[in-house]
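I opened the model to note down strands, rings and the nonpolar residues. Entries follow in the order I looked things up.

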Amino acid sequence: MEFLHIENINFTYNEESHSALEDISLSIKSGEFVLFCGQSGCGKTTLLSLLKQSISPTGKLFGDILYENEPI
């Protein structure tokens, strides 16, 4: 069963001219272990913050994020 599905996420912080995330898509199945790694400033924290509404950054978000087939 698909636990998390992200489709073509694009995110730009308010007051910024360039995107923090561009065309990010991934699927995570229940029970899978996933590691996000990359250089500083590549968008790891932004992506993870978008998954929890209470800490979600403000800006322009395009694309779909589904948690257990329900929109976040």
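**Entry 1: I72 and its patch**

I looked up I72 and found it in the segment after β4, which covers residues 70-71. The model is predicted, so I read each local feature with pLDDT in mind. I72 has a relative accessibility of 36% and counts as partly exposed. I then asked which residues form a nonpolar patch on the surface with I72. They are F3 and Y67, and the three together have about 250 Å² of accessible area. F3 is partly exposed at a relative accessible area of 32%. Y67 is also listed as partly exposed, at 38%.

**Entry 2: aromatic pairs**

I searched for ring pairs and got two aromatic pairs in the structure. In one of them, the ring centres of F3 and Y67 are 5.1 Å apart and the planes stand at 75°, so I logged the pair as edge-to-face. The cut-off for that label is a plane angle over 60 degrees. This pair links distant parts of the chain, since F3 belongs to strand β1 (residues 2-13) and Y67 to strand β3 (residues 59-67), with their positions 64 residues apart.

The other pair is F11 with Y13, whose ring centres lie 4.9 Å apart with planes at 85°, so this pair is edge-to-face as well. I checked whether each partner is buried or exposed. F11 is buried, with a relative accessible area of 1%. Y13 is partly exposed, with 32%.

**Entry 3: the sheet**

I wanted the strand order next. Four strands make an open sheet, ordered β2-β1-β3-β4, and the pairing is antiparallel. The edges are taken by β2 (21-29) and β4; each has a single partner strand, so one side of each has no neighbour in the sheet. As a reminder to myself, strands of a sheet pair through backbone hydrogen bonds, either parallel or antiparallel.

I went through the pairings one by one.

- β1 and β2 run antiparallel and are joined by six bridges. I9 stands opposite I24 in β2.
- β1 and β3 are paired in the antiparallel sense, over eight bridges. H5 stands opposite L66 in β3.
- β3 and β4 run antiparallel, with two bridges joining them. P71 in β4 is the bridge partner of L66.

L66 thus came up twice in my list: opposite H5, and as the bridge partner of P71.

**Entry 4: backbone angles**

I scanned for positive phi values outside glycine. How many residues lie between β3 and β4 in their hairpin? There are two, and E68 in the turn has a positive phi of about 50°. N69 is found in the loop between β3 and β4, and its phi is positive too, about 65°, although N69 is not a glycine. N69 is exposed, with a relative accessible area of 52%.

The scan also returned E15, a residue other than glycine with a positive phi near 70°. E15 sits in the loop between β1 and β2. At 82% relative accessibility, E15 counts as exposed.

**Entry 5: the nonpolar core**

I turned to the buried side chains. In soluble globular proteins, nonpolar side chains tend to be buried together. Here the largest nonpolar core has 10 residues: L4, I6, I9, F11, L21, L26, I28, L47, L50 and I65. At least two residues of this core come from each of β1, β2 and α1 (44-50). Which element gives the largest share of this core? That is β1, with four residues.

Two members of the core had already appeared in my notes. F11 is in the core and is the buried ring, at 1%, from the second aromatic entry. I9 is in the core and stands opposite I24 in β2.

I took L21 as a further check. L21 is found in strand β2 and is buried, with a relative accessible area of 4%. I computed the spacing from L21 to I65, another core member. The two are 44 residues apart in sequence, and their C-alpha atoms are 13 Å apart in space.

Definitions and conventions. Residues numbered from 1 in each chain as written. Predicted model: local features only at pLDDT ≥ 70, side-chain atom pairs only at ≥ 80, totals over all residues. Heavy atoms only, no water. Phe/Tyr/Trp six-rings, centres within 6.5 Å; stacked < 30°, edge-to-face > 60°. Buried < 20%, exposed > 50% of the residue type's maximum accessible area, 1.4 Å probe, protein only. Patch = residues over 30% accessible without salt bridge, like charges linked within 9 Å, V, L, I, M, F, W, Y side chains within 5 Å. Areas by Shrake-Rupley, 256 points an atom, 1.4 Å probe, with all protein chains shown as cover. Salt bridge = Lys/Arg side-chain N within 4 Å of Asp/Glu carboxyl O. Pairing = 2+ DSSP bridges. Core = buried A, V, L, I, M, F, W, Y, C linked by side-chain atoms within 4.5 Å.
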